Each structure stands twice: as C-alpha cells, then as structure tokens.
Amino acid sequence: MFKIFFYINKLSNLQKDNLNKLKNINIIYRNYNKENYLERAYILKRFCKKKNFKIYVCNDYQLSVKIHADGLYIPGFNRSLRINNYKNLNLIGSAHTVNQITEKKNQGCKIIFLSPYFLTNSHPNKLNLGSHKFNFLKQNFINKIKFIPLGGVNKNNFQTIFNSGLDGFAAISMLEKKLENNTISKLNLIASIN
C-alpha cells in the first residue's frame with residue numbers, strides 16, 4: 001500500500017479539517033520545542049484513534065510507549081538510539097546520506113525517508129535528491145528497507161511520486177493550507193491502492 005505520512009507539531013483546526021477528509025494516513029508527532037508536549041500528544045493520539053490513522057512519535061521512545069503509539073520515528077540526527085524490545089512498535093527514520101541510511105537500518109528502521117526529494121522553502125540552498133539520486137541510494141539497499149521521499153512534497157508534485165512507483169511520501173507543510181477537493185480525492189485514491 002502507498003503510505004502517506006504527515007508531520008504535526010500541534011493539531012490545528014485547519015489540519016484537523018484537512019485530515020477529517022482523508023483516509024489511510026500516518027501521522028508523525030514532532031514537537032521539538034516540547035510546548036504542551038504531553039497534552040498535544042494525547043490530543044493527537046485520540047484524533048488518530050478516531051480516524052483509524054497510525055501515529056508515530058518523533059525521537060521519544062518513552063512517550064511512544066506511554067501513549068501506545070503505533071511506532072517511533074528516529075530522525076537522521078539521532079545516531080545512538082537502540083531499542084532492544086520493540087515488538088509492538090514500528091520503527092521508521094529519516095536519512096540524508098548513505099551513512100545515515102546504514103545507521104537507520106542498524107537502529108531497526110523498516111521505512112526510511114530520504115530527503116530532500118524536491119527543493120524546499122525551508123532549505124532553499126540545499127540540493128535536492130530528485131528521482132535519479134533517490135533511486136541510486138535506494139538501489140544500495142534494495143529489498144531490505146522501504147524508502148519514501150521527504151522534502152518539498154506538496155499538492156502540486158505528490159502525484160509525480162505516485163506515478164514513479166515509489167512506496168509513499170512524507171510531507172511537513174502540506175496540511176498547513178486548505179486542501180482542495182481534487183487534492184483530497186487524489187490522496188484518498190492513492191492511499192487506498194495496494
């Protein structure tokens with residue numbers, strides 16, 4: 001199944017409105033500034049449970065266990081986390097280099113986000129991977145891990161990722177604007193394809 005991941009720091013009304021129209025979504029709770037950290041985690045967990053979305057906690061194993069998250073997201077900068085017993089926890093991570101991919105694989109990640117796939121507004125001077133470099137990195141680990149593009153994914157280019165035969169995408173800012181009905185329809189369609 002094509003997997004769609006959205007990062008959320010705090011569930012805003014706009015994000016909630018967008019998500020209420022979507023199906024088969026995965027949420028990554030990423031609240032680096034820790035503002036109302038536990039409260040926001042529980043709000044997001046309840047919302048995800050109601051919508052039957054999977055929820056992953058970013059970089060906090062204890063919180064992921066506490067709120068009974070579906071998984072743990074290990075960012076590229078976390079090079080040391082090792083979890084011995086994570087039977088009920090799916091591990092995913094992000095990477096920017098071959099060394100980070102190897103680290104995430106050794107940390108137990110089954111899905112790795114490679115970034116940035118497209119040019120991003122947040123890092124305008126950083127070169128993007130594009131499909132050629134993305135596929136080159138992916139070939140080094142074929143059949144061992146699923147790779148998903150992250151970075152610069154928006155309503156105008158996510159269809160390109162789907163048409164390329166990739167396993168999904170992850171987006172940070174896509175939910176911060178009202179999604180049009182045709183975008184919602186396309187997202188729901190691709191999220192339901194096995």
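In this predicted model, Tyr-56 is found opposite Gly-71 of strand β4. Getting from β3 to β4, the chain passes through helix α3 (residues 61-66), and the resulting β-α-β crossover is right-handed. Strand β3 covers residues 54-58 and runs parallel to β4, with 3 bridges joining the two.

Strand β4 itself, made up of residues 71-74, is a good place to pause. Which of its residues are buried on each side? Gly-71 and Tyr-73 are buried on one side, Leu-72 and Ile-74 are buried on the other, and both faces of the strand are thus covered. Gly-71, the residue that stands opposite Tyr-56, therefore belongs to the same side of β4 as Tyr-73.

Strand β4 also pairs with β5 (residues 90-95); these two strands run parallel and are joined by 4 bridges. Within this pairing, Ile-74 has Gly-93 of β5 as its bridge partner.

Stepping back to the whole sheet, 8 strands form an open arrangement in the order β7-β6-β5-β4-β3-β2-β1-β8, and their pairing is parallel. The edges are taken by β7 (146-149) and β8 (168-171); each has a single partner strand, so one side of each lacks a neighbour in the sheet. On average, and with direction ignored, neighbouring strands of this sheet are turned by 25° against each other.

At the β7 edge, the partner is strand β6, which spans residues 111-114. The strands β6 and β7 run parallel and are connected by 4 bridges, with Ile-111 standing opposite Lys-146 of β7.

How values were computed: Residues are numbered from 1 along each chain as its sequence is written. This is a predicted model: local features need pLDDT of at least 70, side-chain atom pairs count only at pLDDT 80 or more; totals for chains, interfaces and linings use all residues. Side-chain values use heavy atoms; hydrogens and water are left out. Buried means under 20% relative accessible area, exposed over 50%, partly exposed in between (1.4 Å probe, protein chains only). Two strands pair if DSSP finds at least two bridges between them. A crossover is right-handed if, with the strands pointing away from the viewer, the path from the first strand over the helix to the second runs clockwise. Axes are lines fitted to C-alpha atoms, for helices over the stretch in contact, and angles run from 0 to 180 degrees between N-to-C directions.
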